[in-house]
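The exercises below ask you to work through contacts between chains, between domains and between strands, each with a solution given in steps. Please keep the sequence and the model open while you read.

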Amino acid sequence: MTAPLSFDVHRPRALTEALDLLDEYGATARVIAGGTDLLPKLRNGRLSPEHLVSLGRVGELDGIEETGDGALVIGAATRLFDVQRHPLVRKRLPALHHACSVMATVQIRNMGTVAGNLANGSPCADTSAPLLVYGATLEVARRDGHREIPVGAFHKGPGSVDLASGELIVAIRVPPVPAGSGSAYQRISARSRVDMAAAGVAGLVTLDGDGRVAEARIGLSAVSPTPTRCPEAESLLTGQVPDAPLLERAAREAAEEAKPIDDVRATAAYRRHVVFVMANRVLTTCVARASAGAGGGTP
Amino acid sequence: MRGKASEPGGQKTLPVAKRVLELTVNGDRYEVAVEPWTSLAQVLRDELRLTGTKVGCNEGDCGACTVLVDGRSVSSCLYLAVEAEGRDVTTIEGLAETPDTLHPLQEAFIEHGGLQCGFCTGGMLMSSAFLLSHTPEPDEGEIRRGLSGNLCRCTGYNKIVESVDAAAKRLAADEGGTA
Amino acid sequence: MSTPPIIGARIPQLGAREKVTGQAVYTDDMKLPGMLYGAILRSPHAHARIKRIDTSKARALPGVKDVVTGDDTLKVAYGNWRLVPDIQDEYVLAVDKVRYVGDEVAAVCALDADTARRACELIEVEYEVLPAVFSVEEALAEGAPTIRAEKPGNLSLTREIEYGGVDEAFTRAEYVREDTFRVPTVSHAYLEPCSALAAPDEGGRVTLWTSTQTPYIVQVLLAKTLGLPENHVRVIKPQVGGGFGGKMELRTWEFCAAFMALRTGRPVKFTLTRADELAYGRRRHAMVLRSKIGLTRDGVILAKDLDVLLDSGGYNAMGATATFLVGNFGAMLYRIPAYRYLGRYVYTNNPPASAMRGFGAPQALFAGECQLNMVAEELGIDPIELRIRNAMQAGDSVPGVATARTCGFREALEKVRDASGWVEKRARKRPGKGIGVAGCSFISGGVFNWFDTKYHFTSCEVRVFEDGTAHLLTMASDIGQGSDTVLRQILAAELGIDIHKIRLTAGDTAVTPKADLGTWGSRVTLMAGNAVLDAARKIKEMLAGVLFMEYDLNQIHDVAFAGDRVFVRAKPKRGMDFGECVYKALRGRRGEPLTAFGYYTPRDKGLVTPAFSFGAQVIEVEVDEDTGVVSVEQVHTAHDSGVPINTMAVEGQLEGSIHMGLGYALSEELITVEGRVRNATFLDYRIPAAEDMPPSASYEIVTRDPEGPYGAKEAGEGLVSPTAPAIAEAIWDAVGVRSDTLPITPQRVLEGLGKL
């Protein structure tokens, strides 16, 4: 049964104003960006804040900027659709580009944000695995300060994230990808091409001058209580020549590192199996892209 | 414009007052009093009586409620009406340029059988309009992906895809003709 | 006489402009002055006795105008099967017991929807929770709890069909196999959730606008449950956003809207949520089908024995029809000289299942067509060739049940074989790619009078005017399929006038002639179409006399109607405008309007239908052997729907059916655990999206059915059946995995491959 709603909505025009409101209302407030995850939670009573602080008019949080060091900073109010279509995202961050292209629906991508996708705390957030492998950090502000959180430390458990009351994600900072790297993302839904992911795998592989793996990163979503990296699989690859048998072994290791559950979307056994399959494919793509140079290109 | 209940100091804000919104829908300006949690779909349907916007799930999954806000397709059932203030909202009633004409998409949906029961049709058209706004000459895959957020249970989609394709080609031809 | 060009034309729906501009009005779009909003309190238990209901707190909530429970009602059991009162087992609001999670217990109406919902939560119900059963096997087991006192053992009904000496025939069979198939429960998933709005009328009468496929059935059952004369109840069908069988019974919200409108003197509206629909709404029956088939070594079917358990859920609903039709479709498509069917309809504490597109055929044909494909493999015969060897032909009968007077099944099989490149694709194995086939048949309306109507099965009225226009009044219900257009095509063809000159009034029980049983069983084109022909021909009789007078015609002449003119067929220049002819007839009748009623009731047509459609489908898939994901790449369909009246509408029906069959095959299932649906959102109950839908090529096999108007048969449901078995076969062809269970999820494919 739908829960009766009662909350106020505040629409600040500036970041400072938003932070003041969040500070003032503390634990009784939630941030609303796209609202696509929040509204269903409000309606079914899983959340019942008294205040929503909207980012809809905070223009300074909308947009993607390149910093001097080559990092891309994605403002918290930037729509997924704009991230998907941004030329630099497409060129440099093909895994994130792909995640933003296939997740949810066009309408949801026109409303939702990367920050919201993460702040929702769902282990199956599509953007989380790519951001993990890109080593992104969240820039979090509050009225009297700010801090940075690596994406990998942000999720605490299903629905739970490292964000205190009064705090706001203002941007996601994605550092420049290492030279000689390639990245990719794949997700699978067991039911339809338009669906929540039953499992998602992102990879980033950097090759050294000899064609060996200088560094490998593998990120998983929807197959653990939180989006997670696969340190064992990554270390298997490091320093090695990434031939097909090695990639397959690493993919198998990644599947072992997953901690999937059964739900209506897929069984744990299925999820673990497809983590292996996708990790293998993703790593193969990453190596191909890294070998092709220039950090990737479009998928 | 903030309502009384949200003035600083009003921490224990119950009950929350309705607030008066100025909305621009299909070029018309309206003033409506809404509760802050009211969805845009509800305001369009119940207050403005623009009932071409349908609610098929109220959860952002079916797309029947799709409208354009500042030219972008959104699920109006998940869009708070207060967030639409200061923005241009276009509903299916405003897709055609004038009341006595049809948008080429509307004509194509009729001609190619891109509708049956009609309940998804408004949302389907608004998503199609958004698609053509950023991809004027979509291929079949782009059309299908562009309609990812719109469910239809009657047509099997193929005649909808044909309709969008036909409209895109006609619009492109018209564009070419006038350029 | 040649067929008028408007028959078979690709005419867009005449109401399409209203639909594309957002002007078409559906029930929930309506708002009346003083209108109240309703909400329903449902049972949280699958099986419980109601010990006490206290509504006082709900009544006390400001804004609440009425609260009703079963005790306020007449407590009459009702159901669509009026012919057999024993299986009318439902109450508009629970009486003494609840039998599934979601069973309706009470209703509230209030000034706004939030208040109504809040009031529902304030209703206190004390339940004595009873043991419940959630599968047909459990329900039939010794000592299972009794769900309905009148049916100890939970067997709601059984149905048997037997002919040809089955046991003896099996002894002659050189090849016998037996398989068990399981199909899940799925949702109609029409886009428009159910909605009903009632307003009181003068003299204690009431008007109900409702999203229904069957205004007449709703009128009759509503009158019965309200205790009013039928004529006091007016049911109007506005635009309906799809039904697929899910909107063809009287439902609680329709009753409560009318009941509370009468009690409060104000309009009352109920609109369901998507969660209501998916968690508690009607659904297609889950079944367990055990099928045994015997053939000669060269593939001639000798006997079939089909045993089916149907999961009723907590109430019977349209169960008797389901149970019969599964048995009927089990015997269709092929010449089966000996056949035995036992269908058992079993109460459980799941949400009740009822009619859904294809009614009985998707289940029966998934089992039958999959099994035949397995037979083909084992006997080493091409599956299409095996089908052709056994295919029914025109004139064949299911003894004592039905006769197929026209049958394009063989032609359909040959067409999809040739059009798909079947022979070559089947022979040349490509990794991960496969191709499969299945056939289908369906009814063009039912002939069995389960509703026990005293009226004709369908009726219409045609009025013509001196301005050359006509008015068609029919109770037939367009729920999106386009029958409002098709019926006008038939009338336009008969009267020879422009279709745009025909006004249509439909689905209003106080205005349109009694009666019409509704939109189900693909009955509208054949049945309502025949009624239109009947009325139109009566009008033509009235008009023909004018020409005979005017031109002093020899008795042997015939009068033709075409091009908005009425003329002597042999001398076309002798004639006049249609309107002028009406004018002259009107003068001759001294002002009595020209109006005629038309009727159709199928008589002496067996137990099932006046006409069967047939079809065949070939589907190509690609299977990812690592992930188990199946991509359907191309569908080829050949369908004998007689003479299509509106080719574009027929294609739309076929493609819509394929969509539904695709979901049935690969993704759809209401996952129900202890009677609770776990995926009651469109996010988790996945119907195929545009990206999932394959390209589809369809071919009409035209037969001219003697019973259908202009030779038309059904088009709306037959094709919902072959898609799942054809996909199953294509998956086997691709990767060697057989599926006896739907949906064929990637998980099941990988299990079949031994990878999980």
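**Exercise 1. Describe the contact of chain A with chain C, beginning from one ion pair.**

Solution. C:Asp626 forms a salt bridge with A:Arg281, their closest N and O atoms being 3.3 Å apart; a salt bridge here is a side-chain nitrogen of Lys or Arg within 4 Å of a carboxyl oxygen of Asp or Glu. This is a predicted model, in which local features need pLDDT of at least 70 and side-chain atom pairs count only at pLDDT 80 or more, while totals for chains, interfaces and linings use all residues. Residues are numbered from 1 along each chain as its sequence is written, chains are lettered from A in the order in which they are written, and side-chain values use heavy atoms, with hydrogens and water left out.

Next, count the bridges and the polar contacts: across the interface of chain A and chain C the rule finds 4 salt bridges, and 13 residue pairs are in polar contact, both residues at pLDDT 80 or more. A polar contact is a pair of N or O atoms within 3.5 Å, where within protein one must be able to donate a hydrogen and the other to accept it, and residues adjacent in sequence count only if both atoms are side-chain atoms.

Then turn to the chain A side, where helix α12 (residues 268–292) of chain A gives the largest share, 6 residues; helices are DSSP runs of H or I with at least four residues, strands are runs of E with at least two, and both are numbered from the N terminus.

Finally, take the extent: 21 residues of chain A are in contact, meaning heavy atoms within 4.5 Å, with 24 residues of chain C. The two chains bury about 2,100 Å² between them, 56% of it on carbon and sulfur atoms, where buried area is the accessible area (1.4 Å probe) that two parts lose on being put together, summed over both.

**Exercise 2. How many residues do chain B and chain C each bring to their contact, and what area is buried?**

Solution. Chain B gives 46 residues and chain C gives 56 residues, and the area buried between them is about 3,900 Å², with carbon and sulfur atoms giving 55%. The rule finds 5 salt bridges across this interface; C:Glu651 forms a salt bridge with B:Lys159, the closest N and O atoms lying 2.6 Å apart. A further step is to count the polar contacts, which come to 23 residue pairs, both residues at pLDDT 80 or more.

**Exercise 3. Which residues supply 37% of the area that domain 1 of chain C buries against domain 2 of chain C?**

Solution. First locate the parts: the domain assignment, whose bounds come from an automatic or database source, gives domain 1 (16–22 + 457–600) and domain 2 (31–130 + 194–271) of chain C. Their C-alpha centres lie 38 Å apart, and the contact takes 18 residues from domain 1 and 20 residues from domain 2. Of the area buried between these domains, about 1,400 Å², the domain 1 part draws 37% from C:Ile479, C:Thr509 and C:Lys514, more than any other three residues. The rule also finds 2 salt bridges across this interface.

**Exercise 4. Which strand does β22 of chain C join, and in which direction do the two run?**

Solution. Strand β22 (residues 559–562) is joined by 4 bridges to strand β23 (residues 565–568), and the two run antiparallel; strands pair if DSSP finds at least two bridges between them. C:Ala562 stands opposite C:Arg565 in β23(C), and in this hairpin, with 2 residues between the strands, C:Gly563 takes a positive phi near 60 degrees.
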